[in-house]
Amino acid sequence: MRVGYIRINPTDENADELLEKFQAGKQLDRIYWEKISVKEKNRPEYDKMMDYLRAGDELVLAEFARFNKSLLELVKTLEQLNERGIAVISDKEELNTGTEEGKFKLKVLKSAAEFEKTLTRQRQLEGVAVAIAAGKYKGNNEKEIPKDFEDFRDRYYTREMSVADIATHYNVSRPTVYKWIRQTENIDTNEGIEETEILEMPHIPDDPSIYDEPEIIVEMRELDTNEQSDISVAKKVKPKKVSKKVEKPRKPRRITKLPDDFEAFRKMYNEDILKISDIMIVYNKSRKTIVRWLKQANEAAELKEFKKQERAKKRAEKKAEKLREESEK
């Protein structure tokens, strides 16, 4: 049996044309297709196709990008089909796993997938090592302090509960409880500091020319220990001149240029292969920076895809107009 499978993006409006182009000249006995994103975990037609295939069948694909969402998953699926005795034929990649050349290409794909996996892991380990050496690595298990922790901390101080009891209650480790105790102690210490009283400044007119600096007389009194008469000293003090500050407009925030190899990490993040914390370790950047980079990269990719669709739409319109003119002649 010769079975065909094609996945069409939900944004593609010309699904019928893609199906016709895919079936042209292939002599397929059965075809499975669905209009769904590759990120979706549940693909009904894909599952039906995989269950229908038997040993000796041929699976025809439009391209690997519309079959699996990552290189690792693709290689794993191709190997499973090869073990079941099912040959896979891809039009775009010109690959047929039923031939010796196709089997060799499959080995090359497997090596590339393993290399990509090893390289990603190596970058993670190097990033972690650098962060640990700089004292910036905090791990990925940062937990917030519970709102009712102060009650349990007081019970710890009065020996009603141990650290192990508190850790069991919150389902965390004992070092985490000790850290919460230190952090809440710092908060209590800062709250006990008395604030300095701030006196109101006298009103100053906007126009400095009509402002007369007043003379402030400060009376200083000294008391003699031998009960002598008080000595009063008058001193003239002038206030400091108040300079009018002109607020300059803030400069726009500088946007960090995306790294050249960031596109690969964007795809792996969108395909749930990597997390934001993993990318943070690789580039040694904050979560806020990585999130901003992902947003920029996704917007650029969407714009690129939109322009690509617009060009395809214009080509189709020109082709249709040309055919219409020829038919009128």
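Which residues of the largest nonpolar core touch the most other members? In this predicted model, the core comprises 18 residues, and those that touch the most other members are Tyr5, Met49, Leu59, Phe67 and Leu81. Several elements contribute to this core: strand 1 (2–8), helix 2 (44–52), strand 3 (58–61) and helix 3 (71–83) each supply at least two of its residues. The surroundings of phenylalanine 67 illustrate the arrangement. Beyond its neighbours within four places in sequence, phenylalanine 67 is in contact with Tyr5, Met49, Leu59 and Leu81, and also with Arg43, Tyr46, Leu61, Leu74 and Thr77.

The overall composition of the chain provides the context for this core. The protein chain contains 10 helices and 7 strands. Of its 329 residues, 26% are buried. Among contacts with a separation of 6 or more, 60% are between residues 24 or more positions apart. The exposed surface of the protein chain amounts to about 25800 Å², of which carbon and sulfur atoms supply 50%.

The strands that contribute to the core also take part in parallel pairing. Strand 1 and strand 2 (residues 30–35) run parallel and are joined by 6 bridges; within this pair, valine 3 stands opposite arginine 30 of strand 2. Strand 1 also pairs with strand 3 in the parallel sense, over 4 bridges, and here glycine 4 is placed opposite valine 60 of strand 3. Strand 3 is in turn joined by 4 bridges to strand 4 (residues 87–90), again in a parallel arrangement, with glutamate 58 opposite alanine 87 of strand 4.

Helices connect some of these strands in β-α-β units. Strand 1, helix 1 (residues 15–23) and strand 2 form a right-handed unit of this kind. A right-handed β-α-β unit is likewise made by strand 3, helix 3 and strand 4.

Within strand 2, tyrosine 32 was examined in further detail. Tyrosine 32 counts as buried because its relative accessible area is 8%, below the cut-off of 20%. Not counting residues up to four places away in sequence, tyrosine 32 touches Val3, Gly4, Tyr5 and Ile6, together with Glu45, Lys48, Met49 and Tyr52. The first four of these contacts carry numbers that fall in strand 1 (2–8), and the others fall in helix 2 (44–52). Proline 44 lies 12 residues from tyrosine 32 along the chain, and the C-alpha atoms of the two residues are separated by 9.8 Å.

Another part of the chain is represented by helix 8 (residues 262–270), whose buried residues are Phe262, Phe265, Arg266, Met268 and Asn270. The cover over these buried residues includes helix 4 (100–133), helix 9 (276–283) and helix 10 (287–328). Just after helix 8, aspartate 272 adopts a positive phi of about 65 degrees.

Asparagine 270 is part of helix 8. Is asparagine 270 buried or exposed? Asparagine 270 is classed as buried because its relative accessibility is 17%, and buried means under 20%. The side chain of asparagine 270 forms a polar contact of 3.2 Å with the side chain of asparagine 298. When residues up to four places away in sequence are set aside, asparagine 270 touches Lys39 and Asn298.

How values were computed:
Residues are numbered from 1 along each chain as its sequence is written. This is a predicted model: local features need pLDDT of at least 70, side-chain atom pairs count only at pLDDT 80 or more; totals for chains, interfaces and linings use all residues. Side-chain values use heavy atoms; hydrogens and water are left out. A nonpolar core is a set of buried Ala, Val, Leu, Ile, Met, Phe, Trp, Tyr and Cys residues joined through side-chain atoms within 4.5 Å. Buried means under 20% relative accessible area, exposed over 50%, partly exposed in between (1.4 Å probe, protein chains only). Contact means heavy atoms within 4.5 Å. Two strands pair if DSSP finds at least two bridges between them. A crossover is right-handed if, with the strands pointing away from the viewer, the path from the first strand over the helix to the second runs clockwise. A polar contact is a pair of N or O atoms within 3.5 Å; within protein, one must be able to donate a hydrogen and the other to accept it, and residues adjacent in sequence count only if both atoms are side-chain atoms. Accessible areas come from the Shrake-Rupley method with a 1.4 Å probe; for residues, only the protein chains shown count as cover.
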